[in-house]
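Visitor: I should like to take a close look at a single part of this structure. Please guide me through it in one connected account.

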Amino acid sequence: MSNPVRVPLVTRPLSLMQSLSAARRNVLSILPEIATRQPMVSGRVGIRWHMVMDPAALRQVMRDRLPDYPKSPVTKTLLKPAIGNSLFIAEDAHWQWQRRAAAPAFSVRNVRAQGPVITRAAEATLARIKAGQAAPMNMFDEMVSTTFQVISDVTLSGESGFDRDVVHKAIDDYIAAAGRITLADMFGLPGWVPRGGWFRSRRALRTMRKIADTTIEARRISGPQAVPDLLDLLLNATDPETGRQMSTAELRDNLLTFIVAGHETTALTLSWALYLCAFDQSVQSKAREEAAAVLGNRAATQDDLGALPYITAIIEETLRLYPPAALVSRTARKPDRLCGREIRKGDTVMIPIYALHRSHMLWDDPDSFQPDRFLGGTKPERFAYLPFGDGPRVCIGQSFAMQEAVIILASLLAHFRFECAWDNPPKPVMLLTLRPEGGVWLKASPV
Ligand code: HEM
């Protein structure tokens, strides 16, 4: 069987102008093919940069020497206007107290408690697809609606003053305008260098912040919901070491962080998973057998998760082939050595998760789609598989996202057969995240 779509990586050196124009279309297209065959690739574009694909070196960057490798200006430049100095962006003590305060909101118990919200969104999606009468649908759009329903319900449940469509549009506008990462961003030019799209996205930001502030103030007055949502949990969140609580501005920035970080990433995972299931009908049939045996005619719930190992493996394999956060970046604060190579203060250290997951040194037949890699108790080597990052800054929403993706994919596969309805398959293109350009057009027939 052929392999699913992939990004064509660079096989010969590009000139600066060629790199600039390639990166504007797709950041991943500047990755050299050798990044999938070597532990580390270094170079210089004005400043020194390194791409690291070696698990031991990644452990050093992401865990053992975390304070020496803060997030690069690229991350901060793009996201700070939207989400302030929140958990995703902050460093050192300011990061630490926010992480300590927010952690209980993502405990196993609290994540489990949000299960019914996801099941409701799965049911609504089944109804929407059924109403589509088997005409081809762009599943990326469908999945974005589904995961936005989930994240808005868990962050700001039942808020009458909260207009879901307005916030959704504001976020989409912001990502579209600000998300085109330039090479200047990638290689770490300072944040004040003007970028395209900057001013266009301002209005979207103002709208988003205003809605969030109004919602927070209203909730302070109305008190918590019957089943506390993320806003309730954060309103009560206290740093266990200092007793400090979040101000309205800090609460707003973190809520918007969860909305921005949490919905598109999960929608992408589901869209790529559906693409892969349409690409390989034998995997889809096996998954449907599992889902149908567990669910019958209903949508999946939190309690079904343990009985859906194959669907879980499909999600894990999807996150390997198309990691939504396909490239993250750090800046060295101190001199170091990685893979025996000198790292100087100020060097950019990129973690190309996309190339790591397709490394011939770490994976057997890395470009092929084989969910079985994740079955039978086999786990990938630590720091060789990083869809959610690792170390102290690992994604705080990891279990939430896995729970959501498995519940929704199982519900969809138990009810519909998905077949390709495209002339050209989607192209993996990284803007802020790894998106299926052209959409994931599928025909869904009831089973
Ligand atoms: C499939 C879905 C998701 C993927 C692939 C994903 C991926 C990631 C990755 C790779 C990081 C680490 C970034 C780095 O080290 O530079 C991260 C961090 C983070 N994610 Fe996620 N994420 C997902 C879903 C979510 C959800 C559902 C939420 C919240 C509701 C969330 C909130 C965050 C936050 C707040 C951080 C920063 C944590 C910190 O720095 O302490 N993510 N995510």
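Which residues surround the ligand, and which of them are the closest?

Guide: The model shown here is predicted. In it, the ligand is surrounded by 23 residues, of which G262, T265, G389, C395 and G397 are the closest. By chemical character, this shell divides into 13 nonpolar residues, seven polar ones and three charged ones.

We may next consider where the shell comes from. Two helices, α12 (248-279) and α16 (398-415), each supply at least two of its residues. The largest share belongs to α12, which provides seven residues of the shell around the ligand.

Helix α12 also leads us to the interior of the chain. The largest nonpolar core contains 128 residues, and those with the most contacts inside it are L234, L274, L409 and A410. Of this core, the largest share, 17 residues, again comes from α12. One of the residues just named, L274, touches M139, F418, V440 and L442, leaving aside residues up to four places away in sequence.

Finally, the setting of this part is the whole chain, which has 16 helices and eleven strands. Buried residues account for 46% of its 447 residues. Among contacts between residues at least 6 apart in sequence, 75% join residues at least 24 apart. The C-alpha atoms fill a box of roughly 60 × 60 × 40 Å along the principal axes. The radius of gyration of the chain is 21 Å, which agrees with a compact globule, because a globule of 447 residues would have a value near 22 Å.

Key:
Residues numbered from 1 in each chain as written. Predicted model: local features only at pLDDT ≥ 70, side-chain atom pairs only at ≥ 80, totals over all residues. Near = placed C-beta within 6 Å. Helix = DSSP H or I, 4+ residues; strand = E, 2+ residues; numbered from the N terminus. Nonpolar A, V, L, I, M, F, W, Y, C, P; charged D, E, K, R; others polar. Core = buried A, V, L, I, M, F, W, Y, C linked by C-beta atoms within 7 Å. Buried ≥ 20, exposed ≤ 12 C-beta atoms within 10 Å, placed from the backbone. Contact = placed C-beta atoms within 7 Å. Rg over C-alpha atoms; globule rule 2.2 N^0.38 Å.
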